[in-house]
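Hi,

Here is the structure I said I'd pass on to you. Have a look at it first, and then read my notes below with the model open next to them.

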Amino acid sequence: MTPQAKLVFVMSLLLGTTLTISSNHWIMAWAGLEINTLAILPLISKSHHPRAIEAATKYFLTQAAASALVLFSSMTNAWHTGQWDITQLTHPMSCLILTSAIAIKLGLAPFHFWFPEVLQGSPLTTGLLLSTIMKLPPISLLFMTSSSLNQTLLTCMAVISTALGGWMGLNQTQIRKILAFSSISHLGWMAIIISYSPKLALLSFYLYVLMTTAVFLTLNSINTLKLSTLMTTWTKTPTLSAMLMLTLLSLAGLPPLTGFLPKWLIIQELTKQDMALTATAISLLSLLSLFFYMRLAYCATITLPPHTTNHMKQWHVNSPTNTTIAILTTMSTMLLPISPMLSTML
């Protein structure tokens, strides 16, 4: 792919995202979602490998179906109320359809099956876009319609997502699939709180984007896609491997790292809403995902390849550590002390 083509696609992604998050009219938001979908497809399939073509096809079909449901939901609401404003979604059937449509767009369970397959067929840089920027327009639509959404359906999908995201990631050896199930699990935490505290859900999303970006950039830098190759990285790039371990433990939500902050605040808010049982359930379910984060961290830092020699055990730093990765890792691990300030803002 030529640099000019790549620039056009990336600019289209930014245009589609900006259009959706800044619009008040349903048609404009839908147009932004469509621009996003069409712009990411060439980036998924640029390797022309059959797996990449399959991933692009699956992505197109699911996103087209979800966009059609978004349009159908907004038209049903406009038919009954005469309102095309995003914040004026009041018809119950429209709310139900929109909740399902955004769940498909995000990859919330039980509409999650497309996401691990698409991420596995995409390059790491495209996988980063799919896990971060492509989630922003649906999350912003959830934010704008949070008071109108079907809370029971959203809570059920959130708990199922947290469970499946942890459970299905246990048996994976492909790192991109593990990160896809990690994303599904984190989306469950965001979905469960967005009806009660939309700002907290956005904060959780921003911190998730920060930590996931650090993980993807580190994996891209050490050129690792499988657990078996991750085991050999410590002997080559110990600094990046140590940074990857810290970011993964932060994604797992272990204190005193940054990833603990959104989970702490979400559990606190759910308890205030008399949902202590739900908060306990998702906390226990997140232990499933903690296992595969710990396994990734173990493979990245402790395991040495078999039959190593003393020469291999020496620390080889082939290239200086990327400044962007260093900054992102620092932020992914050390933002917990600002939690009192964030609590007052929420």
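By class, eight nonpolar, three polar and two charged residues make up the lining of the largest cavity. Keep in mind that this is a predicted model, so everything here is computed from it.

Which residues sit closest to the centre of that largest cavity? They are Y59, Q63, K105, M134 and P138, out of the 13 residues that line it. The volume of this cavity is about 100 Å³. If you want to see where the lining comes from, colour the helices: α2 (26-44), α3 (50-81), α5 (114-120) and α7 (136-144) each put in at least two residues. The top contributor is α2, with three residues.

That isn't the end of the holes, by the way. How many cavities of 30 Å³ or more does the structure hold? There are four.

The second largest cavity has about 60 Å³ of space. Its lining is made up of H186, W189, M190, S204, Y208, M211, L251, G259, P262, K263 and I266. Three elements give two or more residues to this lining: α9 (175-193), α10 (198-222) and α13 (260-272). Sorted by class, you get seven nonpolar residues, three polar ones and one charged one.

Now zoom out to the whole chain. The domain assignment splits the protein chain into domain 1 (1-141) and domain 2 (150-345). Taken over C-alpha atoms, the centres of the two domains are 24 Å apart.

So what goes on between the two domains? On the domain 1 side, 28 residues are in contact with 33 residues of domain 2. People often describe the size of an interface by the accessible area that is lost when the parts come together. Here, domain 1 and domain 2 bury about 2,500 Å² between them, and 78% of that is on carbon and sulfur atoms.

How many salt bridges does the rule find across the interface of domain 1 and domain 2? Just one. While you're looking at side chains, pick out E117 and K177, which meet in a salt bridge at 3.4 Å, N to O. By the domain bounds, E117 falls within domain 1 (1-141) and K177 within domain 2 (150-345).

If you'd like a viewing order, begin with α2 and the largest cavity, move on to the second largest cavity and α9, α10 and α13, and end with E117 and K177.

Cheers

Technical notes. Residues are numbered from 1 along each chain as its sequence is written. This is a predicted model: local features need pLDDT of at least 70, side-chain atom pairs count only at pLDDT 80 or more; totals for chains, interfaces and linings use all residues. Side-chain values use heavy atoms; hydrogens and water are left out. On a 1 Å grid over the protein atoms alone, a cavity is a set of points where a 1.4 Å probe fits but cannot get out, and a pocket is an open set with protein on both sides within 12 Å along at least five of seven lines; lining residues have an atom within 4 Å of a point. Grid points are joined across faces, edges and corners, and a volume is the space filled by probe spheres set on the points. Helices (H or I, at least four residues) and strands (E, at least two) are DSSP runs, numbered from the N terminus. Ala, Val, Leu, Ile, Met, Phe, Trp, Tyr, Cys and Pro count as nonpolar, Asp, Glu, Lys and Arg as charged, and the others, Gly among them, as polar. Domain bounds come from an automatic or database domain assignment. Contact means heavy atoms within 4.5 Å. Buried area is the accessible area (1.4 Å probe) that two parts lose on being put together, summed over both. A salt bridge is a side-chain nitrogen of Lys or Arg within 4 Å of a carboxyl oxygen of Asp or Glu.
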